[in-house]
Amino acid sequence: MGFRFESLKLEKEMYGRGGFLKNLETLDPSENYRGTPLEGLDAFQRQLKRFDIHVKGAGSDFVDKFFFSADSAVLFPEFVSRTVRQGLEEECILPSLTATVTYFDGMDYRSIASTPAEDEKILRRVEEGAAIPQTVIRTQENLVRLHKRGRMLVAPYEAIRYQRLDLFAVTLRQIGAYIGRMQLQDAIDVLCNGDGNQNPAEIFSVGSAPISGSAGALSYDALLDFWSLFDPYRLNTLLVGNDTMLALLRLPEFQNPLTGLNFQGTGTLTAPLGANLLRTSAMPEGTVIGLDKNYALEQICGSDIVVEYDKLIDRQLERAAITSISGFSKLFTDASKVLLV
């Protein structure tokens, strides 16, 4: 008995609302393949098997293999999208910064906020018949700006038709990495300056009360003072640039034998003050962002990786835009703070 995926008619209109994979899964549900040799493959991977297209490894096919038939050509934009997404996710540290991800179909997003006073944060005992204290949640005054990030893929079909798919995928993953880097810069900007709703992070400087030490020099005591400012939140994430990372490595507190063994063997540092230490070149020099990642930042995804599928199918590449729409919103303002060294 044959499987349904072997006889499906593939059309470019399947890239419409909901996305190609969702529409393909509707026609060919993966749950129908439980207990078969195809279990564990999604609908797109089953189509690659149908047309005997190998996209990875030494035996990967040429790009030309996708265009052997009209049906198999429809799969090519999904391959491009998946590979770009892989590059975006490989080096992406956004999941370590965001408390939640919201998927939103549009460009105008309004988040919610709760800004209780100090007295309202205390859950006092409620006497019989007394009113229960309230926590008010409201929508933000201003909209959150979503940014469209992308790259234009320019590659005449004749130039790449005999290139291996795994080699072509390297360029696609690099495009994904570029998009991810720009999204990270957007996240850092919102953490520092707010999302337009008068919620920038509080800024402290080394050598100015309440941070001890001398300006221009990062010390362990200064980190301790910075850590103490986060109550009732927890400082569980530190975001630093290359210069600050070097300054941390030179602190005596991070030069014990166990720290050196971990760093030299795995590249993993002992977490300072129990916080996850993240380095990125997107950080300004002499700046440390500390945050409670469970409460500080919301990522809004206006769209996943979008590929201009018409050009990739009908014109066999030429020029096609690869884009993604996203933005960031501050959740609790006090959950993130900035330290200037």
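Here are a few points to help you find your way around this predicted model.

1. Let's start with two helices that pack against each other. Helix H4 covers residues 76–90 and helix H6 covers residues 165–193. Their axes lie 6 Å apart and meet at an angle of about 55°. Angles between 35 and 65 degrees fall outside the parallel and perpendicular classes, and H4 and H6 are therefore described as oblique to each other. The crossing of H4 past H6 is right-handed.

2. If you would like to see who makes this contact, look on the H4 side for residues including Phe76, Phe79, Val80, Val84 and Leu88. On the H6 side, the contributors include Leu165, Phe168, Leu172, Ile175 and Ile179. Glycines take part too, among them Gly87 of H4 and both Gly176 and Gly180 of H6. By character, the residues of this contact split into 12 nonpolar, six polar and two charged.

3. Next, the aromatic rings. The structure holds 15 aromatic pairs. In one of them, Phe66 and Phe79 have ring centres 5.4 Å apart and planes at 35°, so the pair counts as tilted. Phe66 sits in the loop between helix H2 (43–50) and helix H3 (70–73), while Phe79 belongs to helix H4; the two are 13 residues apart, and their pairing links distant parts of the chain. Both Phe66 and Phe79 are buried.

4. The Phe66 and Phe79 rings also have company: together with Phe67, Phe76 and Phe168 they form one aromatic cluster. Three of these names may be familiar from the helix packing, as Phe76 and Phe79 of H4 and Phe168 of H6 are part of that contact.

5. How are the rings of Phe226 and Phe230 arranged? Their centres are 5.4 Å apart and their planes stand at 90°, so this pair is edge-to-face. Phe226 is buried, as is Phe230.

6. Those two phenylalanines lead us to a glycine. Gly290 lies in strand E10, which runs over residues 287–291. Is Gly290 buried or exposed? Its relative accessibility is 0%, and because buried means under 20%, Gly290 counts as buried.

7. What surrounds Gly290? Beyond its neighbours within four places in sequence, Gly290 is in contact with Phe226 and Phe230, and also with Leu235, Thr237, Leu238, Ala335, Ser336 and Lys337. It is also worth locating Arg234: Gly290 and Arg234 are separated by 56 residues in sequence, and their C-alpha atoms are 9.5 Å apart in space.

Definitions and conventions: Residues numbered from 1 in each chain as written. Predicted model: local features only at pLDDT ≥ 70, side-chain atom pairs only at ≥ 80, totals over all residues. Heavy atoms only, no water. Helix = DSSP H or I, 4+ residues; strand = E, 2+ residues; numbered from the N terminus. Buried < 20%, exposed > 50% of the residue type's maximum accessible area, 1.4 Å probe, protein only. Contact = heavy atoms within 4.5 Å. Axes fitted to C-alpha atoms, helices over the stretch in contact; angles between N-to-C directions. Parallel < 35°, antiparallel > 145°, perpendicular 65-115°, else oblique. Left-handed = near helix turned anticlockwise from the far one by under 90°. Nonpolar A, V, L, I, M, F, W, Y, C, P; charged D, E, K, R; others polar. Phe/Tyr/Trp six-rings, centres within 6.5 Å; stacked < 30°, edge-to-face > 60°.
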